[in-house]
Amino acid sequence: MSQADGITLTDLTLTHGRRPAVHHISGHFAPGSLTAIVGPNGAGKSTLLRAIAGLHPAREGGLRAPRHAIALLPQAAALDRAFPISCLDVVMFGHWARAGAFRALRPAEKRAAREALGAVGLEGFEGRPVGSLSTGQFQRVLFARLLVQDAPVILLDEPFNAVDSRTAADLLALVHRWHGEGRTILAVLHDLDLVRQQFPRTLLLAREPVAWGPTAEVLTAANRLKARMMAEEWDAEAEPCAAGPGTRSAA
Amino acid sequence: MRGRPGHAQRGLMPELSLYDLFWAPFAEFGFLRRALVGCLALSLAAPPLGVFLVLRRMSLTADVLAHGILPGIAAGFLVAGLSVTAMSVGGLLAGLVVAVGAGAISRATGGREDAALAALYLLALALGVTLISTRAGSVELSHLLFGSVLGVDDPALYMMAGIASLTLLALSFAWRPLVLECFDPGFAAAARARGGLWHLLFLVLVVLNVLAAFQALGTLMAVGLMMLPAVAARHWGRSVGGMAYAAVGIALASSLSGLLLSYHLDLPTGPAIVLVAGGAWVVSALAGPVDGILPRLLRRPHLTG
């Protein structure tokens, strides 16, 4: 994968309304890196992933990412699993970037989708409606779609939530395979032991970046305490942020 | 010419042949044939749109749009009387304003879209009735509100057939993006699939079909053939395509039997069609293989694996 597959944040601020979700973050996800994004609930982790994927506008600052080369695994809860669609049809949407809205899928592409289902352990599930799957099986289907997307940059939003340990282990093996293939991977995670064992780099986020670097240096007791403090303060009397260009021009 | 037999004498008496029941009405009366063709065209195009509305949890949107077109139709009526062209252009503009406006208002005010839609449609209905009442009597008002299937004239018929053809063509092209935008809008946005644009095209198709249906069924029942078959189809199909086919089948059958019922039993036509479609929904909810009530009550032995 090329040098272009890195992600650079320059004094980036993301907001919900006027409240900052991610406040003045700068840094670089190197091409081919495997990074865990951790932090308390409401720390802005999902918002950051969505912004990198182009789903959330940057309020201020810069965000450089290869938009055409990104695959995003959404939180499974964000999808309507009662939707009448088969596993294979979901996986085949992974071809969208190449096939677009109109072109019929080639036999090779259909075969790739079937193989992806097999690779996540769901052989024989092609025609099953997603509504009949367990949470773990549904997550496997979404990973199969990622396989088909074959993107150089992969963003995973809580990929192992609510799945059993065997499914998590299988999916983690896929993540390592992608890492070995040189893809850039960002994963929002809550299981710190897993992060320590499996993820070389970590971004600890609590609306503001607390620490970012090699996992062992980031996940110290002091940093984690700092993250907890920052996320819990939610100031009803918050002033406009002086560091933002928007406030300077308004003043 | 035998003329239309009084239903009181003939009713559904045993000696009524299949020919008399199903064919004679259409063979004898031109206005019934036109009504049938118009309703069949509607039945081909509108139900698949209804399926997408159901899947997007926007089942009430069609109703809102059907009321939303009324001020435009009223404006067209004030300018040119009961002219299909004037009323359709007015209705199309008003429908698009409501469809796009509701989305814009809810985004701008941070409210929920269904709340903005409810506000808009009440406003539109009151405005429409007020506009019509300045010039028209209760006959025209009831024509606009309830439609008259049997008064479908040539321009109206061409319009219904044209809109149905356009809709089927557009759906065949837009099927994949519509399904994707419906199932996983986040993925569609990340894949830069222009989900918003497809959604807009979809809303335009809904407005057009509501307009076509308005010609026959009137404002208040225009969405009957769009939504009832689609809601019923949920109990027959396990894929979007399967649901669309089921919905079209139910709509076609409802149109035909509604017209025949209305003829033989002397019922108002629009309500008869919508009632049959409603009956199809009740039957589907009871006996449909997908989430139907009766199949759930049948205590068949569970499987071993």
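**Exercise 1. A cysteine and its surroundings**

Leaving aside neighbours within four places in sequence, find which residues C87(A) is in contact with, then place C87(A) in its helix and decide whether C87(A) is buried or exposed.

*Solution.*
- Step 1: Skip the neighbours within four places in sequence, and the contacts of C87(A) are L117(A), F125(A), E126(A), R128(A), V130(A), L133(A) and V141(A). Keep in mind that we're working on a predicted model.
- Step 2: Look up the element: C87(A) sits in helix α2 of chain A, which covers residues 87–92.
- Step 3: Check the accessibility. C87(A) has a relative accessible area of 0%, so C87(A) is buried.
- Step 4: For contrast, try a pair that doesn't come together: C87(A) and A238(A) are 151 residues apart along the chain, and their C-alpha atoms are separated by 47 Å.

**Exercise 2. One helix, two sides**

Compare the span of helix α6 of chain A with what 1.5 Å a residue predicts, then work out how its buried residues are arranged around the axis.

*Solution.*
- Step 1: Helix α6 of chain A runs over residues 165–180, which makes 16 residues. The expected span is 1.5 Å times one less than the number of residues, and that gives 22 Å for α6(A). The end C-alpha atoms are 22 Å apart, so the two agree.
- Step 2: List the buried residues of α6(A): T167(A), A168(A), L171(A), L172(A), L174(A), V175(A) and W178(A).
- Step 3: Look down the axis of α6(A). The buried residues fall within an arc of 155°, so they line one face of the helix. The spacing helps here: an α-helix has 3.6 residues a turn, so residues three or four places apart point the same way.
- Step 4: Turn to the other side of α6(A), where S165(A), R166(A) and G180(A) are exposed.
- Step 5: Ask what the buried residues of α6(A) pack against. In chain A, the partners are β3 (34–38), α5 (135–149), β6 (153–157), β7 (184–188) and α7 (192–198).
- Step 6: Check what follows: after α6(A) comes G182(A), with a positive phi near 90°.

**Exercise 3. Where the chains meet**

Describe the interface of chain A and chain B by its contacts, buried area and salt bridges.

*Solution.*
- Step 1: Start with contacts: 23 residues of chain A touch 22 residues of chain B.
- Step 2: Move on to area. The two chains bury about 2100 Å² between them, and 70% of that is on carbon and sulfur atoms.
- Step 3: See who pays for it on chain A's side. F83(A), P84(A) and W96(A) supply 32% of the area that chain A buries against chain B, more than any other three residues.
- Step 4: Count the charged and polar pairs: two salt bridges and five residue pairs in polar contact link chain A and chain B. D80(A) and R57(B) form a salt bridge, with their closest N and O atoms 3.2 Å apart.
- Step 5: Map the interface to elements. On the side of chain A that touches chain B, α3 (96–99) and α5 of chain A each give two or more residues, and α5(A) gives the most, with three.

**Exercise 4. Salt bridges within the chains**

What do the salt bridges of R56(B) and R234(B) link, and which residues does the network with E181(A) join?

*Solution.*
- Step 1: Take R56(B) and E181(B), whose side chains meet at 3.5 Å, N to O. R56(B) is in the loop between α3 (30–55) and α4 (59–68) of chain B, while E181(B) is in helix α9 (residues 154–183), so this pair links distant parts of the chain, 125 residues apart. E181(B) counts as buried at 9% relative accessibility.
- Step 2: Now R234(B) and D291(B), also a salt bridge at 3.5 Å, N to O. R234(B) lies in the loop between α12 (224–233) and α13 (240–265) of chain B and D291(B) in the loop between α14 (269–287) and α15 (293–297), so the pair ties together parts that are 57 residues apart in sequence. R234(B) is partly exposed at 35%, and D291(B) is partly exposed at 44%.
- Step 3: Follow shared partners, and D150(A), R177(A), E181(A) and R183(A) join into one network. Within it, E181(A) and R183(A) meet at 2.8 Å, N to O. E181(A) is partly exposed at 35% relative accessibility, whereas R183(A) is buried at 8%.

Definitions and conventions. Residues numbered from 1 in each chain as written. Chains lettered and ligands numbered in written order. Predicted model: local features only at pLDDT ≥ 70, side-chain atom pairs only at ≥ 80, totals over all residues. Heavy atoms only, no water. Buried < 20%, exposed > 50% of the residue type's maximum accessible area, 1.4 Å probe, protein only. Arc of directions from axis to C-beta. Contact = heavy atoms within 4.5 Å. Buried area = accessible area lost by both parts, 1.4 Å probe. Salt bridge = Lys/Arg side-chain N within 4 Å of Asp/Glu carboxyl O. Polar contact = N/O pair within 3.5 Å; in protein donor to acceptor, adjacent residues only side chain to side chain.
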